[in-house]
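Morning, everyone. I have one structure to walk through today. Please look at the screen.

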Amino acid sequence: MANEYDFSCEEGVCGPLTEEEMRACCDLVLAEEGVERPCMVSISLVSDERIRTLNDAWRDVDRATDVISLECERPDDPSLAPGEPCELGDIVLAPNYIKRQAASFGTTHADELRLLLTHGLLHLLGYDHLDEEEASQMETREEELLSLMPCDAPITGVILTLHREDADE
């Protein structure tokens with residue numbers, strides 16, 4: 001059984017990757033992470049205003065951000081029957097925010113979205129970046145995974161995982 005993806009796009013919002021490209025990115029990450037159970041993932045492309053509202057509601061940070069991940073189940077959850085699909089969770093991306101961010105980091109809009117989709121999926125699989133050690137591990141894994149994807153340019157030196165902007169508060 002294959003992984004299932006539910007794509008939604010807020011009216012007036014579009015991203016640089018097709019649904020097929022996002023599906024391939026997620027399938028690669030899940031396979032490379034050794035996930036054998038079929039997973040269901042919701043991927044939403046939203047406006048800066050919508051992601052700001054979600055960021056405020058879920059993280060108590062009242063500003064727009066690039067990606068938010070909302071975990072539901074883990075593939076290794078013992079309560080799931082063998083072969084039962086795992087409802088992994090939701091990945092919410094803000095393509096306009098990501099496009100501006102890509103310009104500031106010298107990457108393409110498509111590559112930045114690939115990075116943040118990978119980042120969001122790794123969160124659903126249990127990765128985090130609450131401290132420097134976790135952030136370093138997650139950044140290394142992101143670079144490894146991105147090196148296996150068809151990107152516009154090699155992506156190295158990933159430094160986006162630690163919520164450094166929160167330190168300003």
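**Starting from helix α2**

Asp-48, Ile-51, Leu-54 and Asn-55 are the buried residues of α2. Look down the axis of α2. The buried residues fall within an arc of 165° or less, namely 125°, so they line one face of the helix. Before I go on: this is a predicted model. Let me correct my wording there: the figure for α2 is simply an arc of 125°.

Turn α2 around. On the other side, Glu-49 and Ala-57 are exposed. What covers the buried face? The cover of the buried residues includes β3, β4 and α3, residues 95-105.

Now the length check. Helix α2 runs over residues 48-59, which is 12 residues. At 1.5 Å a residue, α2 should span 16 Å. Its end C-alpha atoms are 15 Å apart, which agrees. Just after α2 comes Asp-60, with a positive phi of about 55°.

**Zooming in on Asn-55**

Stay in helix α2, where Asn-55 is found. How buried is Asn-55? Its relative accessible area is 1%. The cut-off for buried is under 20%, so Asn-55 counts as buried.

Which residues does Asn-55 touch, leaving aside neighbours within four places in sequence? The list is Asp-60, Val-61, Arg-63, Ala-64, Thr-65 and Ile-68. Take Arg-63 from that list. Its backbone oxygen lies 2.9 Å from a polar atom of the Asn-55 side chain. Now a longer distance. Tyr-127 is 72 residues from Asn-55 along the chain, and their C-alpha atoms are separated by 19 Å.

**The sheet**

Next, the strands. There are 4 of them, in an open sheet with mixed pairing. The order is β1-β2-β4-β3. Which strands are at the edges? They are β1, residues 4-9, and β3, residues 67-71; each pairs on one side only. From one strand to the next, the twist averages 15°.

Helix α1, residues 19-32, packs on this sheet. It touches β1, β2 and β4, and its direction makes about 140° with that of β1.

Now the pairings of β2. Strands β1 and β2 run parallel, joined by 6 bridges. Within that pair, Phe-7 stands opposite Ile-43 in β2. Strand β2, residues 39-45, also runs parallel to β4, residues 86-93, with 7 bridges between them. There, Cys-39 stands opposite Cys-86 in β4.

Is β2 enclosed or open? Of its 7 residues, 6 are buried, so β2 is largely enclosed by the rest of the structure.

**Last stop: helix α5**

Helix α5 covers residues 132-146, which is 15 residues. At 1.5 Å a residue, the expected span is 21 Å. The end C-alpha atoms are 21 Å apart, which agrees.

Which residues of α5 are buried? Ala-135, Met-138, Glu-139, Arg-141, Glu-142, Leu-145 and Leu-146. Viewed down the α5 axis, they fall within an arc of 165°, so they line one face of the helix. The background is simple. An α-helix has 3.6 residues a turn, so residues three or four places apart point the same way.

On the other side of α5, Glu-132 and Glu-133 are exposed. The cover over the buried residues of α5 includes α1 and α4, residues 109-124.

One detail at the N-terminal end: Asp-131 caps α5. A side-chain oxygen of Asp-131 lies 3.1 Å from the backbone nitrogen of Glu-133.

That is my tour. Thanks.

Note on methods: Residues numbered from 1 in each chain as written. Predicted model: local features only at pLDDT ≥ 70, side-chain atom pairs only at ≥ 80, totals over all residues. Heavy atoms only, no water. Pairing = 2+ DSSP bridges. Helix = DSSP H or I, 4+ residues; strand = E, 2+ residues; numbered from the N terminus. Axes fitted to C-alpha atoms, helices over the stretch in contact; angles between N-to-C directions. Contact = heavy atoms within 4.5 Å. Expected span 1.5 Å × (residues − 1). Buried < 20%, exposed > 50% of the residue type's maximum accessible area, 1.4 Å probe, protein only. Arc of directions from axis to C-beta. Polar contact = N/O pair within 3.5 Å; in protein donor to acceptor, adjacent residues only side chain to side chain.
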